Amino acid sequence: RFPNSHVLSVLPIIEVLRYNTTVKHLIIIQRKWDPKELKEFLTCLSCVNRGVTSLELAAHDFEPSFMETLTKILKLNRQIKRIQVNTHLSKPLFGDGWKRFCDGMEYYTFEELFISNALLPAKGFELLVEGLIYNQSIKSLCITAQEIGGKKFKAICDLLVSNPTITRLDLVGCVLRKDDLIQFKRVLNANSIKKLRLQHSLCKTKESNLDVIENELKANTSITELYLPANRIDYKLIGDIIRASGSIKKLDMGGNKFSVKHLKLKSNRILQDLNLENCLRLNYSILFKELCKNQSLKILRLGNNSIVDNAMLTKFLTKNNTLMELVVYFDYMHLVDETIKAIASGLAGNKSLRKLSFKISRMQYNTFSSLIDALKSNHALLELHISNIKNLFLESRPPNGNDMDDFLLDLLKTNKTLRYIEGAEEFPYLEEILKANRERQDKIIADTIAIIKMIIAKPNSFILPVEVWEAVFKNISYSFTPLDFEQFFKSNVK
């Protein structure tokens with residue numbers, strides 16, 4: 001972070017950055033630069049530095065001489081992939097400095113642009129659009145806390161229609177009215193946006209106005225990730241959209257009043273990632289009943305003030321064979337310990353879950369003991385994340401009870417498939433055991449892949465009796481499934 005003091009020189013910091021390979025995110029706060037500083041800054045970031053990949057302009061008024069230098073840096077340095085404008089100023093951005101910054105955008109090679117809390121009038125948005133419309137590197141545009149209605153939003157829509165390289169759009173806290181969404185139809189019809197976030201941006205007084213673009217969302221074939229948190233959305237409407245769309249694989253409905261029955265999860269074969277954190281009046285009985293027969297969902301995030309159907313939760317974890325990651329946010333959930341015990345019961349027979357995360361501030365000692373006992377017989381889970389694990393059960397631990405490291409050591413003596421436990425890095429001997437698990441599993445996968453590649457290369461040479469194949473694969477852990485090999489194939493098999 002560059003100092004904003006006009007007394008302190010930034011030359012020592014620039015000298016450090018010349019040979020930096022570890023500092024990735026650089027924050028520059030508004031200050032008065034002297035010509036020597038600007039010259040050294042230009043030389044450092046445009047020619048020498050190969051570490052910084054993210055640049056944040058904080059509390060800036062885009063003074064022309066500094067922006068001239070920054071524009072040259074962004075044209076020459078192809079390492080900087082992320083730019084964030086975060087001014088926190090009441091001074092509108094449309095002067096000579098902002099114009100110079102926007103004029104050079106055609107030649108910048110950044111991929112992500114974040115405009116946060118910056119006061120951009122209509123003229124400022126026009127300059128931004130004019131600069132971005134011919135840029136061929138930008139992939140993501142995020143705008144937060146902006147009044148972007150009317151001419152501003154029309155300019156954004158013009159940009160998104162004209163520049164198909166932008167495949168992600170995030171609008172956070174930018175209230176969109178009916179006329180704005182009518183303009184947005186053009187963007188949805190262009191089928192270039194793949195990830196769309198409209199967070200707290202669709203609210204009217206009582207409900208959202210998502211219905212304005214309902215037909216366009218149903219017909220869209222490009223959006224694979226749809227984020228609609230905190231919008232008071234009509235759950236029947238979003239259910240209709242998800243069922244009609246054949247492309248949406250990730251859905252975030254956090255903070256909405258939501259009814260899962262309209263999603264028809266039992267028959268859905270597209271949705272892979274579902275976030276229902278803080279959804280009001282969520283009926284867990286219907287959710288888990290539907291998911292018992294779902295064959296596509298891989299990631300599920302839960303947690304709110306609704307009462308969980310623990311029996312159905314256990315049944316879901318036992319029967320479902322596709323879910324790979326479960327995240328549970330407990331701070332506002334009723335009957336926390338009963339829910340954790342239900343998860344523990346389901347883990348004993350689960351063969352698909354690879355990552356389990358508990359966002360929790362405390363857990364009863366006996367409840368944690370039940371979870372550890374369940375994990376001893378589970379041979380599928382690879383990662384366990386529990387926030388505040390070090391102090392998890394301090395209040396409920398009996399005088400002669402186990403410490404946290406005793407529990408984890410006892411678990412790892414039996415369970416050889418766990419690769420990572422959050423907090424285990426504080427105990428070096430536990431981390432050594434986990435490291436040995438990782439190395440053993442990586443070798444098993446690598447050896448198996450090598451055999452598969454040999455079979456593919458010379459299939460006629462591998463017509464062998466079943467007994468021989470049994471001997472070849474006898475050391476392969478039964479916890480591995482084709483899902484575990486997918487990432488390995490992508491990086492190792494040409």
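**View 1. Lys-315 is partly exposed, at a relative accessible area of 38%, and belongs to a positive surface patch.** The model is predicted, so local features are described where pLDDT is at least 70 and side-chain atom pairs only at pLDDT 80 or more, whereas totals for chains, interfaces and linings use all residues. Residues are numbered from 1 along each chain as its sequence is written, and side-chain values use heavy atoms, with hydrogens and water left out. Partly exposed denotes a relative accessible area between the limits for buried (under 20%) and exposed (over 50%), computed with a 1.4 Å probe and protein chains only. Lys-315 sits in helix H11, which spans residues 310-319; helices (H or I, at least four residues) and strands (E, at least two) are DSSP runs, numbered from the N terminus. The patch is made up of Lys-261, Lys-264, Lys-266, Lys-289, Lys-293, Lys-315 and Lys-319, where a patch of this kind joins like charges within 9 Å among residues that have over 30% relative accessible area and no salt bridge.

**View 2. Strands E1 and E2 run parallel and are joined by five bridges.** Two strands count as paired if DSSP finds at least two bridges between them. Strand E1 covers residues 25-29, and because four of its five residues are buried, this strand is largely enclosed by the rest of the structure. Strand E2 covers residues 54-58, and His-25 stands opposite its residue Ser-54, while Ile-27 has Glu-56 of E2 as its bridge partner.

**View 3. Strand E2 is covered on both of its faces.** Five of the five residues of E2 are buried, so the strand is largely enclosed by the rest of the structure. Side chains alternate between the two faces of the sheet in a regular strand. In E2, Ser-54, Glu-56 and Ala-58 lie on one side and Leu-55 and Leu-57 on the other, and all of these residues are buried. Strand E2 is also joined by five bridges to strand E3 (residues 82-86), with which it runs parallel, and there Ser-54 has Arg-82 as its bridge partner.

**View 4. A salt bridge connects Glu-68 and Arg-100, whose closest N and O atoms are 2.7 Å apart.** Glu-68 lies in helix H3 (residues 64-76) and Arg-100 in helix H4 (residues 96-103), so that the contact ties together parts that are 32 residues apart in sequence. Both partners are partly exposed, Glu-68 with a relative accessible area of 29% and Arg-100 with one of 23%. The structure holds 20 salt bridges, each being a side-chain nitrogen of Lys or Arg within 4 Å of a carboxyl oxygen of Asp or Glu. Elsewhere, Lys-154, Asp-158 and Arg-186 are linked in a salt-bridge network.

**View 5. Within helix H9, Lys-236 and Asp-240 are four residues apart, which means a separation of about one helical turn.** Their side chains meet in a salt bridge with an N to O distance of 3.5 Å. Lys-236 is partly exposed at 45% relative accessibility, whereas Asp-240 is buried at 18%. Helix H9 (235-244) is followed by the loop that leads to strand E9 (250-252), and this loop contains Gly-246. Gly-246 is exposed, at 60% relative accessibility, and its C-alpha is 9.3 Å from that of Ile-223, although the two are 23 residues apart in sequence.

**View 6. Asp-273 and Lys-250 form a salt bridge, with the closest N and O atoms 3.9 Å apart.** The pair links distant parts of the chain, since Asp-273 belongs to strand E10 (residues 273-275) and Lys-250 to strand E9, 23 residues apart. Asp-273 is buried, at 8% relative accessibility.

**View 7. Asn-191 and Asn-278 each have a positive phi, near 55 degrees in Asn-191 and about 60 degrees in Asn-278.** Neither residue is a glycine. Asn-191 is placed in the loop between helix H7 (178-190) and strand E7 (195-199), and is partly exposed with a relative accessible area of 32%. Asn-278 is found in the loop between E10 and H10, and is partly exposed as well, with a relative accessible area of 34%.

**View 8. Cys-292 occupies the loop between helix H10 (284-291) and strand E11 (299-302).** Cys-292 is buried, with a relative accessible area of 13%. Its C-alpha is 9.3 Å in space from that of Leu-313, a residue 21 positions apart in sequence.

Definitions and conventions:
Patches are made of residues with over 30% relative accessible area and no salt bridge: like charges are joined within 9 Å, nonpolar side chains (Val, Leu, Ile, Met, Phe, Trp, Tyr) within 5 Å. Accessible areas come from the Shrake-Rupley method with a 1.4 Å probe; for residues, only the protein chains shown count as cover. Lys and Arg count as positive and Asp and Glu as negative; His and the chain ends are not counted. The place of a charge is taken as NZ of Lys, CZ of Arg, CG of Asp or CD of Glu.
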